[in-house]
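Here is a set of questions and answers for a first-year student, to be read alongside the structure.

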Amino acid sequence: MTLLSEAGSLEETDIQKTEHAKDLSRFLARIGAAILIILIAAAAGFLLSPYAPNEPDFLARLSPPSKTHWFGTDQLGRDVATRLLYGGVWSIGLALLITLVGAIAGTAIGLAAGHFGRATDVTLMRVTDSFFAFPELIAAVTIAGVLGPNTVNMVLALILVGWMKFARLVRSLSVDLAHRDFVIQARLNGLPSGRILWRHILPNIGPNLLVLWTNAWSRTILSISGLSFLGFGVQPPNAEWGAMLLDGKAYMQTAPHLMIFPGLAILAAVLSINFVGDRLRDLIGGNGVTAN
Amino acid sequence: MLRFKPRLPRILSSFGTRLLSLACVLFGVSLITFTMTYFAPGDKASAIAHARYPDVQAFPPEILAGIREEFSLNEPFFIQYFQWLARFVQGDFGNSFASNASVWDIFVANIVETLSLTSTALVVGLVSAFALSAVAVWRPGSLSDRMAVALASIGAAMPNYWLGLLLILLFAAQLNWLPAYGTGSPAHLVLPAITLAFWITASQTRLLRAFFLEAKSAPYVETLRLRGVSEAEIFWRHILRHAAVPALTMIGLDVASLLEGTVIVELTFARGGIGSLLAGSVLSRDYPMILFLVMFSALVYVFINSMIELFQDILDPRKSLLVSQKSELSKEART
C-alpha cells in the first residue's frame, strides 16, 4: 500500500491532488462526526433507558425480548438492551484509548528509528521484531493473567502488544520520505530535523497511519471482548460485550437471546469500523491486497 | 550467465544478515518472556512450595528460604535470566509447579489435540477459500463474487468464540446432533474445526481473490486469451499457478493468528490442548509452563517467518521485494 500509493500520488496533477485532499478531509470529518454521534448515542441511550445496567429485577429473570425489555433480561433480571449500550461505551471507548496510546507510542518509535541513524534504527527495529514475535492474544492473555485479570491490566496488556504495527509502518514510510525531493530541499534549507519531522514527514504519513489505526481499533474491540469472554478482561458483573457473553453462556438453553445480542453488537461495531477503514484506504489509494 | 552470477553472493550475504537479526530477535523474545514472569506479582517460592507439598497449608520460612536458594530466586535479574536461558537452550524446561511433572511431557501430551484441530481446520478452511475465491473471480462483480466478498468481510468482523457459541447453540443444544464440549471422539472435533476453518476461509478468501484478480489482468493472460486459450485452461494452468506462490506465503504469515484462533476455540469448546494449557497455567501462575508455552508460540512464529523469507529469496529475489512489501501489510492487518 505504502510505496504504491506514493507512486500513485506522484503521478497526480495538482488539481487532482487538491480534489483528493478535499475528498479526504470531507470524509474524515464525516467519520469523526459519525463516531462522536455513535458514542454520544450509546452514552445517552443508557442514560435515557429506564433501567440501570447493573440493576437486578428478580421478578423478570431471563425473560425473552418483549415491549418492556427490548432485548430481554439476563439471569438477574437486568435489561440486556441497557447493558449493551453501556457495554458499547466500554468496548468501543477502551479500544479507542488503547489504539490511541499504541499509535502515539509506535509513531514516536518509528520516527526515531527512521531518523536517528543506523544504530538506533537497527536496535529499535529488532526490539519491535521481538515484540512482534508474540501472537497478540497469547501475549495479552499471559500478561493480563499473570498481573491479575481485571480491566486495567487488560488495557495495559493490549497496549503492550499493539504498538509494533504503528512503529513498523511509520519507520518504513519515513525512511521512504527522507529521500524525497521536498524533504531533501528542506534539509538543504537548514531546517532543524524536529521541524522537518513535524512539518514534512508526519503530515505525509498521516493518511496511512489513519487507515492502520481504524484497522487496529476494530481488532482491539475484538480482542477486548475476546479477553473478557475468556475471563482475562473486564470482569462480570460489568457490562462489556464479551463479559456479557461469558455471563450468559450458562443460560444458553433457556435464554438464547443472551447469546445473540452481545455477539451481534460486536459484529456490527467491528464491521462498521472496518467499512470506514476500507473506504479510507480506497480514498488514499491503496492496492487493495490488505486483509482486515 | 549474467543473470545467475551476481545472485549467489547476494543470497549468502542476505542469509548472513537474516541469521544475525534472527539471533537478535530470539534473544529479545527470551528476554521479554522472562521479564514478564520475573516482575509478576506474588511470591514464587511459596508457589513452588505449594506445588511440592500440596497438603501443607503454611510453610515455615526455612523451607521458603531453602527453595529460594535452590531456584536462585535471590540472585539478581540477569543472573537468573541467563541461568534460565542456558537451561532452556539445553532443552531443560523444568517441572510444572502445578503437577510437578516435566513441562516437556505435559506439552507433548497436549500438542496432539491442538495439532489435530489446527490441521483439520487448515485443510477445510484453505480448500473452501480456494474454491470460494475461484468462483468469485470467475465473473468479478457477479452475485457469487459479491457473496464471497460479503462473507469475507463478515468473517473478519466475527468474533470466533461467538461463532463457536452459535454453533453449540444450534447443533448441540437445539438439534442435539453433535457434542458441544470436551475431547475424545471425532465428533468432538467437528464444531471446533468448523469455527476455526470459517475464520481461515474468511481471511484467506479476500487475499486469494485479490491475487487471482491481479493475475487475471496480467499482460501474459491477455496474450493467452488473444491466442484463443480457453478461460478455464487459463485459470487452471496459469492463474492458479501464479497466484499460488504469493498466496501460500500469505497463509504462512498468518500463523500467529492461527495460534490465537486455536487458543480461543479450545477454550470456547473446553477442549484440551496448548491453548487451554496456557490459560490454565496463567491462572495458576505455573511459571515454568508459562515460560515454555509463550516461548514456544513465539519461536513457531519466528521460525515459520524466517523460512518463508528464505524461501522467497531462493525462489525469486525480484519477487521477494514485492511479496515482502505485501506481507508487511498482512502483518499490519492481522486479525
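Q: In this predicted model, how are α9(A) and α11(A) oriented relative to each other, roughly parallel or roughly antiparallel?
A: The axes of α9(A) and α11(A) come within 9 Å of each other, and they cross at roughly 165 degrees. Angles over 145 degrees count as roughly antiparallel. The crossing angle therefore makes the orientation of α9(A) to α11(A) roughly antiparallel.

Q: Is the crossing of α9(A) and α11(A) left-handed or right-handed?
A: The contact at this crossing involves residues of α9(A), including Leu210(A), Trp217(A) and Ile221(A), together with residues of α11(A), among them Val270(A), Ile273(A) and Arg281(A). The residues of this contact divide into 13 nonpolar, 7 polar and 1 charged. As for its hand, the crossing of α9(A) and α11(A) is left-handed.

Q: Which helix gives the most to the side of chain A that touches chain B?
A: The contact between the chains takes 48 residues from chain A and 51 residues from chain B. On the side of chain A, at least two residues each come from α4, α5, α7, α9 and α11. The helix that gives the most, with 9 residues, is α5(A).

Q: In which helix of chain A is confidence lowest?
A: Chain A averages a pLDDT of 78, and 80% of the residues score at least 70. Over residues 1-13 of chain A, however, the pLDDT stays under 50. Where pLDDT is low, the predicted coordinates should not be read in detail. While confidence in chain A is highest in helix α6, at 89, the lowest mean, 42, belongs to helix α1.

Definitions and conventions:
Residues numbered from 1 in each chain as written. Chains lettered and ligands numbered in written order. Predicted model: local features only at pLDDT ≥ 70, side-chain atom pairs only at ≥ 80, totals over all residues. Contact = placed C-beta atoms within 7 Å. Helix = DSSP H or I, 4+ residues; strand = E, 2+ residues; numbered from the N terminus. pLDDT = per-residue confidence, 0-100. Axes fitted to C-alpha atoms, helices over the stretch in contact; angles between N-to-C directions. Parallel < 35°, antiparallel > 145°, perpendicular 65-115°, else oblique. Left-handed = near helix turned anticlockwise from the far one by under 90°. Nonpolar A, V, L, I, M, F, W, Y, C, P; charged D, E, K, R; others polar.
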